[in-house]
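Hello,

Here is the structure I promised to pass on to you. Have a look at it first, and then read my notes underneath.

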Amino acid sequence: MSSQEFQTAYNSIYSTGTFLLKYLKEFRDGLRIQGDESQGLQSIENEINKALNALQHQKYQVAVIAAMKAGKSTFLNSIIGADVLASETAACTICRTDVRHIKPGETPKLLEYREGERKPVILVEGDAGEIQQKFLLRTREIREKGNPDNTTRFEIEHPIEAISQLSSLTGFTLVDTPGPNEWESANFNINELKQTALEALRTCNAILFILNYASYKDNAVADLFKDVVENRKDFIAENTGKIYFILNKIDQKTERDREIADVIKDLERELTGFGFRNPVIYPASSRQGLLAKLIQQRKATQNEIKDFEDFFSAKYAERDEKGRRVIPLPEEIAPRALQDSGIPTIQEAVIQRITQNSGWNLLSEVVAEIDKAAKQGKLI
C-alpha cells in the first residue's frame with residue numbers, strides 16, 4: 001500500500017468518525033429538548049473522540065544513525081526540506097535530537113531537555129537559519145564545558161517536507177542519534193549515550209544507517225556496527241524489515257571510481273557479514289536533494305543556488321541547435337535533480353514501511369472502535 005492509499009483510508013475513517021459525532025450531537029440535542037439527558041450516549045461519544053484522537057496523534061519515529069562525516073545532518077535536512085541541522089568537522093550530535101513535524105505556518109522552535117526538569121527550555125523560536133545557528137552554538141558550548149546543565153536531549157519543532165502532504169502522519173518524528181565516534185567527543189557518559197541510541201533503535205518504526213560512499217569500509221563504520229549490533233542477533237532479526245542503509249554522498253564519485261552498483265554489491269557482502277540478511281541499500285546525494293528542494297520551494301539563498309549551479313547543474317547540460325553546451329536554469333532542472341538524488345525514493349520506501357507496520361494496524365483499531373461505538377448507540 002502506498003502512502004497516498006494510506007492517506008485516503010485515513011481521510012475516509014476520520015470523516016466517518018466526524019460524521020457520527022455530528023449525528024450523535026444532533027440526536028442528543030433532540031432528546032435533551034424532550035427532557036432526556038441521554039447520559040448513555042455521552043460514553044459512546046467519548047469512545048469515538050478517543051479513537052479519532054489516537055488517529056491524529058499516533059507517533060511514527062524514524063531513527064537515523066551514522067559515523068561522523070557520513071553526511072547525516074545534510075541527509076536529515078534533505079528530508080526536512082530546510083537547512084536546519086548544523087554540520088561541521090567536529091561532532092555535532094552530542095545527544096539525541098528529535099525533529100518533530102509541525103504544520104506549515106506554525107513557529108519552528110529549538111527546545112532543550114535537562115535532567116530533573118519536567119519542562120524544556122526554549123532556546124530559540126524562528127526560521128531554520130536561526131535554529132541552526134543557536135543549535136550549533138549550544139552544542140559547542142556543551143561539548144567544551146562538559147554538559148554542566150545535564151542536557152539529555154534536544155527537540156526541533158519544524159515542518160518536515162517529506163510528509164507535508166500527509167495529514168495522516170502529523171505525529172512523524174526524525175530521531176537523530178549520536179554515533180560511536182561522537183560518543184567519544186562530548187565528555188558524556190559513553191554507556192549512557194550508547195543505551196540512548198539503542199533504545200531509540202528499539203522503539204522507532206524505521207532505522208536508517210547513513211554510510212559515506214567514499215569511506216564506508218573505514219574504521220568508523222566498522223565501529224558503528226560493532227557498537228550497535230555486534231552480539232545482538234536478536235535485535236537484527238527482530239528489526240530486519242525496518243532497517244535501511246543509505247549510501248550517501250554518491251555525487252562525490254569521479255570517473256576513476258567504481259560504479260555505484262558495484263559498490264552497493266560490495267557493501268551488501270560487508271553488511272551480510274555483520275549479520276544483516278538481504279540488506280536494503282539506497283544510493284543518495286543528500287546535498288543535491290536538499291538544494292533541489294529549496295530551489296523548488298523558492299527558499300534557496302543565493303549561496304545555495306550557486307552551490308547547486310557549481311556542483312550539480314553541469315550534468316544536466318544540453319546542446320542547442322548549433323551544438324553549443326547550454327546549462328538549464330536551476331529552477332528548470334530542480335525537479336529532475338531532486339528525483340535523481342534518491343531522496344524521494346527513500347522517503348516513499350520508509351513512509352510505506354511505517355504505515356504498513358504501524359499505520360494500518362492503527363486504522364484497523366480505530367475502525368473497530370468506531371464500529372463498536374456506533375453499534376452501541378444503534379447508529380448503524
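Below is what I found, starting with the sheet and ending with the pocket.

Please keep in mind that this is a predicted model. Its sheet is open and has nine strands, with mixed pairing. Going across, the strands come in the order β4-β3-β5-β2-β6-β1-β7-β8-β9. At the edges sit β4 (121-125) and β9 (281-283), each of which pairs on one side only. From one strand to the next, the twist averages 20 degrees.

Within this sheet, β2 and β5 are parallel partners, joined over five bridges. If you want a place to look at β5, find F154, which stands opposite T97.

A helix also packs on the sheet: α9, residues 260-274. This helix touches β7 (206-212), β8 (243-248) and β9, and its direction makes about 150 degrees with that of β9.

Now to the pocket. The largest one holds about 640 Å³ of space. Its lining has 24 residues, and the closest to the pocket centre are Q56, H57, H101, T170 and G171. Which elements give two or more residues to this lining? They are the helices α1 (3-33) and α2 (39-57), together with the strands β2 (96-100) and β5 (151-157). You will recognise β2 and β5 as the parallel pair from above. By residue class, the lining of the largest pocket divides into 10 polar, eight charged and six nonpolar residues.

Enjoy exploring it, and do write back with any thoughts.

Best wishes

Technical notes. Residues are numbered from 1 along each chain as its sequence is written. This is a predicted model: local features need pLDDT of at least 70, side-chain atom pairs count only at pLDDT 80 or more; totals for chains, interfaces and linings use all residues. Side-chain values use heavy atoms; hydrogens and water are left out. On a 1 Å grid over the protein atoms alone, a cavity is a set of points where a 1.4 Å probe fits but cannot get out, and a pocket is an open set with protein on both sides within 12 Å along at least five of seven lines; lining residues have an atom within 4 Å of a point. Grid points are joined across faces, edges and corners, and a volume is the space filled by probe spheres set on the points. Helices (H or I, at least four residues) and strands (E, at least two) are DSSP runs, numbered from the N terminus. Ala, Val, Leu, Ile, Met, Phe, Trp, Tyr, Cys and Pro count as nonpolar, Asp, Glu, Lys and Arg as charged, and the others, Gly among them, as polar. Two strands pair if DSSP finds at least two bridges between them. Axes are lines fitted to C-alpha atoms, for helices over the stretch in contact, and angles run from 0 to 180 degrees between N-to-C directions. Contact means heavy atoms within 4.5 Å.
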